[in-house]
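User: I have a structure open here and would like to go through its cysteines with you. Could you take me through them, please?

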Amino acid sequence: MAKSCKGLAMELVKCLSESDCVKVEKRSFRECAGEKSPCIPTECVGLRETYFNCKRGQVDMRARIRGNKGY
């Protein structure tokens with residue numbers, strides 16, 4: 001269960017690395033992922049929310065018994 005969100009994390013990093021926030025503005029991944037900037041594509045925003053829900057599922061005791069959904 002500890003690595004169930006790893007694929008999402010890698011896709012999020014890949015998506016953010018191709019965004020203007022990292023390429024043009026030369027900001028870190030953490031800064032770009034933490035804000036709602038117009039230079040971040042909607043795909044990255046969707047991946048960020050999915051990753052957040054995946055990490056939340058690791059803490060939720062009901063989800064820990066059943067396992068994380070999806071991915």
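Analyst: Gladly, bearing in mind that this is a predicted model. One disulfide joins Cys 15 to Cys 44, with the two sulfur atoms 1.9 Å apart, and this pair links distant parts of the chain, since Cys 15 sits in helix H1 and Cys 44 in helix H4, 29 residues apart.

User: Which hand does the link of Cys 15 and Cys 44 have?

Analyst: The link of Cys 15 and Cys 44 is left-handed, with -100° about the S-S bond.

User: And are Cys 15 and Cys 44 buried or exposed?

Analyst: Cys 15 counts as buried because its relative accessibility is 14%, below the 20% cut-off, and Cys 44 is also buried, at 2% relative accessibility.

User: How many disulfides are there in total?

Analyst: The count comes to 3 disulfides. Another of them is formed by Cys 5 and Cys 54, whose sulfur atoms are 1.9 Å apart; Cys 5 lies in the segment before helix H1 (6-17) and Cys 54 in helix H4, 49 residues apart, so that this pair, too, links distant parts of the chain. With -95° about the S-S bond, the link of Cys 5 and Cys 54 is left-handed.

User: What about Cys 21?

Analyst: Cys 21 is joined to Cys 32 by a disulfide, at 2.0 Å from S to S, and because the torsion about that S-S bond is about -90°, the disulfide is left-handed. Cys 21 lies in helix H2 (residues 20-23) and Cys 32 in helix H3 (residues 29-33), so the pair ties together parts that are 11 residues apart in sequence. Cys 21 is buried at 0% relative accessibility, and Cys 32 is buried at 0% as well.

User: What pattern do the disulfides follow?

Analyst: Counting the bonded cysteines along the chain, the pattern is 1-6, 2-5, 3-4. Cys 39 is in no disulfide, and the nearest cysteine sulfur, that of Cys 21, is 4.3 Å away. Cys 39 is nevertheless buried, with a relative accessible area of 19%.

User: Changing topic, where is Arg 48 found, and what does Arg 48 touch?

Analyst: Arg 48 is found in helix H4 (residues 42-59). Leaving aside residues up to four places away in sequence, Arg 48 touches Leu 12, Cys 32, Ala 33, Gly 34, Glu 35 and Lys 36, and a polar atom of the Arg 48 side chain lies 2.8 Å from the backbone oxygen of Ala 33.

User: Which side chain of opposite charge is nearest to Arg 48?

Analyst: That is Glu 49, at 5.2 Å, and Arg 48 has no salt bridge although it is buried.

Definitions and conventions:
Residues numbered from 1 in each chain as written. Predicted model: local features only at pLDDT ≥ 70, side-chain atom pairs only at ≥ 80, totals over all residues. Heavy atoms only, no water. Helix = DSSP H or I, 4+ residues; strand = E, 2+ residues; numbered from the N terminus. Buried < 20%, exposed > 50% of the residue type's maximum accessible area, 1.4 Å probe, protein only. Lys, Arg positive; Asp, Glu negative; His and termini not counted. Salt bridge = Lys/Arg side-chain N within 4 Å of Asp/Glu carboxyl O. Polar contact = N/O pair within 3.5 Å; in protein donor to acceptor, adjacent residues only side chain to side chain. Contact = heavy atoms within 4.5 Å. Disulfide = S-S within 2.5 Å.
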